[in-house]
Amino acid sequence: MAVDTRVEPVSSSRWAGTALMLGSGLSNQAGASVAALAFPVLGPVGVVAVRQWVAALVLMGAGRPRLRMFTGAQWRPVLGLAVVFATMNLSLYSAIDRIGLGLAVTLEFLGPLTVALAGSRRRADLVCALAAAGAVVVLTRPGASTDLLGIGLALLAAVCWGCYILLNRTVGARLPGVQGSAAAAAVSGLLYLPVGVTVLYLQRPTAQALLCAFAAGVLSSAVPFLADLLALRRIPAASFGVFMSVNPVFAALVGLLVLDQHLDPAAWAAIGVIVTANAVAAGTAGARGSTGTGGTAETAGAVLSAPAVDDGAVRRRRTPRGAHR
């Protein structure tokens, strides 16, 4: 009886963490679909501007960065992260506008997958890389009618996500708590201030379009940030990466149900391959970290974490030094 009493809270905590992760992914993709509803009025630029402002308010409230105390060595990666924030969301939303939610989000996931596999010499990781590459060919099926610009924008978002992961590690190492991420979000929001105000002035947006853009900011920024932060207190880093990998499936399903964007069986199969490659990469990265054969569990969490929060945030939050994003 005593053993059961001790084990049950851990099991319940894992189930709660799993539910939070799945809810985070679903909220993120629902936010992207709601954002797409505002594209005809605001365009991707206007929607991203509103989303960045919402993200800045949420993260500034959570992180409360002491901007005046930042050193030059701290500001440099923060500014880099701000540029990545701004570029990543704009390129992704522009890609969604051109090629659909499911395809755009799936291609974006090549960013964390590439970071996870970079430098690895394990045969399983090589198989994951080759499988993902073949799936991308099937998914995009280059031809005369292929929207190459849309695919290029999604791949740019993937590059930005990879840069986000690398910069986030540096920011987390140099600044406590979520101060670095909050400062980057604030700078990114300021970058969008002139263009966003101009777009809103020229487009004369409807109340419905503004509501959709605001909802996108809440669903794709505020909710995932809080859900991931709570989830990472309950599940290991590798599990976090595995659950993150289901996002392309959520994106395709939400795109179908909300935006009426249909994918053929070959595209669904390709998405499945890429999701599996991401999941395997996340799982093996966590295994290598736990056995000391390459990286750490914290690195595994950072490699496949969404642009909301990484495992290091929770680990440092439990120590007197505070936490990072």
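**Cysteines, salt bridges and helix packing in an all-helical model**

In the predicted model, cysteine 163 is partly exposed, with a relative accessible area of 35%. A search of the whole structure for disulfides returned zero. Cysteine 163 accordingly takes part in no disulfide, and the nearest cysteine sulfur, belonging to cysteine 160, lies 6.3 Å away. Because a disulfide is assigned to a pair of cysteine sulfur atoms within 2.5 Å, the separation of 6.3 Å between the sulfurs of cysteine 163 and cysteine 160 does not qualify. A further cysteine, cysteine 128, has a relative accessibility of 6% and counts as buried.

The protein chain contains 13 helices and zero strands. Read from the N terminus on, its elements therefore form an uninterrupted series of α entries. Of the 325 residues of the chain, 51% count as buried. Contacts between residues at least 6 apart in sequence are dominated by distant pairs: 85% of them join residues at least 24 apart.

Two buried residues illustrate such separations in sequence. Phenylalanine 85, located in helix H2, is buried at a relative accessible area of 6%. The C-alpha atom of phenylalanine 85 is 7.2 Å from that of alanine 185, although the two residues are 100 residues apart in sequence. Valine 199 belongs to helix H7, which spans residues 179-203. The relative accessibility of valine 199 is 15%, and this residue counts as buried because the limit for that class is under 20%. Between valine 199 and valine 41 the C-alpha to C-alpha distance is 9.9 Å, for a sequence separation of 158 residues. When neighbours within four places in sequence are left aside, valine 199 is in contact with Leu42, Val45 and Gly46.

The packing of helix H2 against helix H3 (residues 101-108) was also characterised. The axes of H2 and H3 are 7 Å apart and enclose an angle of about 140°. The crossing of H2 and H3 is right-handed. On the H2 side, the contact is formed by Met88, Leu92, Ala95, Ile96 and Ile99, whereas H3 contributes Leu101, Leu103, Ala104, Val105, Leu107 and Glu108. By residue class, the contact of H2 with H3 comprises 10 nonpolar residues, no polar residue and one charged residue. The charged entry is Glu108 of H3, because Glu is assigned to the charged class.

Helix H4, residues 110-117, is mostly covered, with seven of its eight residues buried. The buried positions in H4 are Leu110, Gly111, Pro112, Leu113, Val115, Ala116 and Leu117. Just after H4, glycine 119 adopts a positive phi of about 80°.

Side chains of opposite charge can pair when their charged atoms come close. Across the whole structure, three salt bridges were found. In one of these, aspartate 147 pairs with arginine 98, and the closest N and O atoms are 3.2 Å apart. Aspartate 147 is placed in the loop between helix H5 (123-140) and helix H6 (148-174), and arginine 98 in helix H2 (residues 72-99), so this salt bridge ties together parts that are 49 residues apart in sequence. Both partners are partly exposed: the relative accessible area is 22% for aspartate 147, and the relative accessibility of arginine 98 is 43%.

Another salt bridge joins the side chains of aspartate 125 and arginine 122, with an N to O distance of 3.8 Å. This pair is recorded as a salt bridge because 3.8 Å falls within 4 Å, the cut-off for side-chain nitrogen and carboxyl oxygen. Here the partners fall into separate accessibility classes: aspartate 125 is buried, at a relative accessible area of 3%, while arginine 122 is partly exposed, at 35%.

In the salt bridge of aspartate 264 with arginine 141, the closest N and O atoms are 2.9 Å apart. This pair links distant parts of the chain, 123 residues apart: aspartate 264 sits in the loop between helix H10 (247-259) and helix H11 (265-291), and arginine 141 in the loop between H5 and H6. Aspartate 264 has a relative accessibility of 33% and counts as partly exposed, as does arginine 141 at 38%.

Conventions: Residues numbered from 1 in each chain as written. Predicted model: local features only at pLDDT ≥ 70, side-chain atom pairs only at ≥ 80, totals over all residues. Heavy atoms only, no water. Helix = DSSP H or I, 4+ residues; strand = E, 2+ residues; numbered from the N terminus. Buried < 20%, exposed > 50% of the residue type's maximum accessible area, 1.4 Å probe, protein only. Axes fitted to C-alpha atoms, helices over the stretch in contact; angles between N-to-C directions. Left-handed = near helix turned anticlockwise from the far one by under 90°. Contact = heavy atoms within 4.5 Å.
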